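User: I am new to this structure and would like a close look at a single part of it. Please take me through the nonpolar core, with enough of the surroundings to place it.

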Amino acid sequence: MWRAFSNALPTLDNLWHKKVVDDPSCTRCGKKWEFVEHALFGCKAARQVWADSSFCSFIYNRRNHHLQDVLLSMAGLFNPDELGQACMLIWAVWEDRNSFVNTGKAKEPESVVARANVMLEEFKDSVQVFSPPPPIPTFRSPSDWLAPPPGQLKLNTCAAFNRISKGVGVGATIRDSKGMVLAVRSNRILGSFSKVIGHLLALREGLMLAIRLRLQGELGGDFSKY
Ligand SMILES: [Zn+2]
């Protein structure tokens, strides 16, 4: 997933930029350049897989978004189980794409979804068997999140740093007193940033979201952890 987020997957577009291949056109449909978003979401073969999953409308509504925005939206909207399913499905779509490129054969969409589910269950089992007891959560765990009082909203922001491509992915989520997500905004900003600046950029993203929604309120937070 990190390679996908960093646009480091060997898509034909990336290989074309590195002069490894002469033609960046998608091998499966031949209609579009094979950007990472096309390989994972936009290609007809990928769309058929997502259509067979519970994320069909989520992906369809973001079909023109950058991958980083899709992943940040997933992180903001999905519970841990849903996030695990979606990430494993992305992996299975990429595996199916590789299978087609290397052998000319591809699975049926329902087989790709089933493969993702099997791999997710195997992953959960392996984590239970081999992992030590989880540490007591101290930061960003769901139990840490405190809902605002009734009638008020809370803005949370996050930043994910990419040392390879020198960029930071920033995201912001606004929830109500019941924890319901009301709005999400994400962006990718290129450049080398310190952690403090990265989190301030995420905060700026959140404030822009609040301004766009014409929200008013007090600004507070704990920056000591940065
Ligand atoms: Zn295609």
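Analyst: Among the elements of the protein chain, H4 has the highest mean pLDDT, 93, and H1 the lowest, 77, where pLDDT is the predictor's confidence in each residue, from 0 to 100. This is a predicted model, in which local features need pLDDT of at least 70 and side-chain atom pairs count only at pLDDT 80 or more, whereas totals for chains, interfaces and linings use all residues. Residues are numbered from 1 along each chain as its sequence is written. The average pLDDT of the protein chain is 82, and 87% of the residues score at least 70. Over residues 136–141, however, the pLDDT is below 50, and this stretch has four contacts in the model beyond near neighbours in sequence. Where pLDDT is low, the predicted coordinates should not be read in detail.

The protein chain has nine helices and three strands, and along the sequence these follow the pattern α-α-α-α-α-α-α-α-β-β-β-α. Both kinds of element are DSSP runs numbered from the N terminus, helices being H or I with at least four residues and strands E with at least two. Of the 226 residues in the protein chain, 27% are buried. A residue counts as buried if 20 or more other C-beta atoms, placed from the backbone, lie within 10 Å of its own, as exposed if there are 12 or fewer, and as partly exposed in between.

Now to the core itself, a set of buried Ala, Val, Leu, Ile, Met, Phe, Trp, Tyr and Cys residues joined through C-beta atoms within 7 Å. The largest nonpolar core holds 29 residues, of which Leu40, Ala46, Leu67, Leu89 and Val93 touch the most other members. At least two residues of this core come from each of helix H1 (2–5), helix H3 (36–42), H4, helix H6 (67–77), helix H7 (80–103) and H8, and H7 gives the most, with six residues. A second, separate core has eight residues, including Val168, Val170, Ala202 and Leu209.

Leu40 shows how such packing looks around one residue: leaving aside its neighbours within four places in sequence, Leu40 is in contact with Ala4, Ala46, Leu67, Ile90, Val93 and Trp94, a contact being two C-beta atoms, placed from the backbone, within 7 Å. Across the protein chain, 55% of the contacts between residues at least 6 apart in sequence join residues at least 24 apart.

In H4 (residues 44–51), the buried residues are Ala46, Val49 and Trp50. Seen down the helix axis, the buried residues of H4 fall within an arc of 95°, so they line one face of the helix; the arc is that of the directions from the axis to the C-beta atoms.

H6 gives another picture, since eight of its 11 residues are buried and the helix is therefore largely enclosed by the rest of the structure. Its buried residues are Leu67, Gln68, Val70, Leu71, Leu72, Ser73, Met74 and Gly76, and what covers them includes H1, H3, H7, strand S2 (167–175) and strand S3 (181–190). Just before this helix, Asn64 lies in the loop between helix H5 (56–61) and H6, and Asn64 is exposed, with 9 other C-beta atoms within 10 Å.

From H8 (residues 109–130), Ala116 can be followed to its partners. Ala116 counts as buried because 24 C-beta neighbours lie inside 10 Å, and, not counting residues up to four places away in sequence, Ala116 touches Met88, Leu89, Trp91 and Ala92. Cys87 is 29 residues from Ala116 in sequence, yet the two are 8.9 Å apart in space, C-alpha to C-alpha.

The two strands that help to cover H6 run antiparallel and are joined by nine bridges, strands being paired if DSSP finds at least two bridges between them. S2 is mostly covered, with eight of its nine residues buried. The bridge partners in S3 include Asn187 for Val170 and Val181 for Arg175. Five residues lie between the strands of this hairpin, where Gly179 takes a positive phi near 85°.
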